[in-house]
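Reader: I would like to go through this entry with you, term by term. Please tell me what each label rests on as we go.

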Amino acid sequence: MTTAERSRPPNGFNLVPPPGWDVIPLRTGTKEAMDHIVRKAVAQLPAGFPKDDIPKARLKLTQEMKKVVRRARAKGGMTLYLPTERLHGVALPVSIVASEPIDVPRVRPSSGPEAILAALASVTPGAETRTLDDTAALRSERELPADAAQGVDVAHRRVEYFVPVPDSSPDPSTWPSLSAP
């Protein structure tokens, strides 16, 4: 690797989801990823599932996924991660949204990641500093009520992690948010 390649700032990230999860890109390829998930779900229907009900099931799943995608995009989401297989027979009611880099209260770029974490913690309810894979990060957890106007029918817990893009300078514009509503 050349010196120029090592000093080039990162231009993205990858998360490796657990087995049984699928990825939906929210900028391009969204429809194709959703179609793949729907086809996979229909193929996994139980053997005795009535054939006449398959189109209704496909439509309902597509509508639910479109709602989840709309909410993720509204939060600045770039990528949506969903569990698409049952874990020990249970469908997990969770998702992960990787969002655009966030606005951080003003800190000097030379301040370092600790100053960025402190600034984020000052404006993030329930924030705690954590270490993720030897990287300083911020974790926030809070309970949110149901909000029918937003299409959220039940109260839920939101956990957010604020992490720097690996190998980036401590520039606040390179801290994407990962949330699991």
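Author: Gladly! Let me start with a term: a salt bridge is a side-chain nitrogen of Lys or Arg within 4 Å of a carboxyl oxygen of Asp or Glu. The structure holds nine salt bridges. Do keep in mind that this is a predicted model, where local features need pLDDT of at least 70, side-chain atom pairs count only at pLDDT 80 or more, and totals for chains, interfaces and linings use all residues. Residues are numbered from 1 along each chain as its sequence is written, and side-chain values use heavy atoms, leaving out hydrogens and water.

Reader: What makes lysine 40 and aspartate 22 a salt bridge?

Author: Their closest N and O atoms are 2.5 Å apart, and the limit is 4 Å, so the pair qualifies. Lysine 40 sits in helix 2 (residues 30-43) and aspartate 22 in strand 1 (residues 21-25), so this contact links distant parts of the chain, 18 residues apart. Helices and strands here are DSSP runs numbered from the N terminus, H or I over at least four residues for a helix and E over at least two for a strand.

Reader: Why is aspartate 22 called buried?

Author: Its relative accessibility is 12%. Buried means under 20% relative accessible area, exposed means over 50%, and partly exposed is in between (1.4 Å probe, protein chains only), so aspartate 22 is buried. Across the protein, buried residues make up 30% of the 181 residues.

Reader: How do you know that lysine 31 and aspartate 35 are about one helical turn apart?

Author: They are four residues apart in helix 2, which means a separation of about one helical turn. Their closest N and O atoms are 2.9 Å apart, and they form a salt bridge. Lysine 31, at 57%, counts as exposed, while aspartate 35, at 31%, is partly exposed.

Reader: What makes arginine 139 and glutamate 141 a salt bridge, and which network do they join?

Author: The N to O distance is 2.8 Å. Arginine 139 is buried, with a relative accessible area of 15%, whereas glutamate 141 is partly exposed at 31%. Salt bridges that share partners then join Arg139, Glu141, Glu143 and Arg157 into one network.

Reader: How do you know that strand 4 and strand 5 pair?

Author: Pairing requires that DSSP finds at least two bridges between two strands. Strand 4 (residues 127-132) and strand 5 (residues 135-144) have six, in the antiparallel sense, so the requirement is met. One example is alanine 127, whose bridge partner in strand 5 is serine 140. The two strands form a hairpin with two residues between them, and aspartate 133 in the turn has a positive phi of about 50°.

Reader: What makes the phi of histidine 88 worth a mention?

Author: Most residues other than glycine have a negative phi. Histidine 88 is not a glycine, yet its phi is positive, at about 55°. This residue lies in the loop between strand 2 and strand 3 (96-101), and histidine 88 is exposed, with a relative accessible area of 79%.

Reader: How do you know that the buried residues of helix 4 line one face?

Author: In helix 4 (residues 113-123), Ile116, Leu117, Ala119 and Leu120 are buried. Seen down the axis, the buried residues fall within an arc of 165° (taken from the directions from the helix axis to the C-beta atoms), so they line one face of the helix. On the other side, Glu114 and Ser122 are exposed.

Reader: Why is arginine 70 called exposed?

Author: Arginine 70, in helix 3, has 52% relative accessibility and therefore counts as exposed. Its C-alpha atom is separated by 9.1 Å from that of leucine 26, 44 residues apart along the chain.

Reader: And how does the protein run overall, from the N terminus on?

Author: The protein has four helices and seven strands, and the order is α-β-α-α-β-β-α-β-β-β-β.
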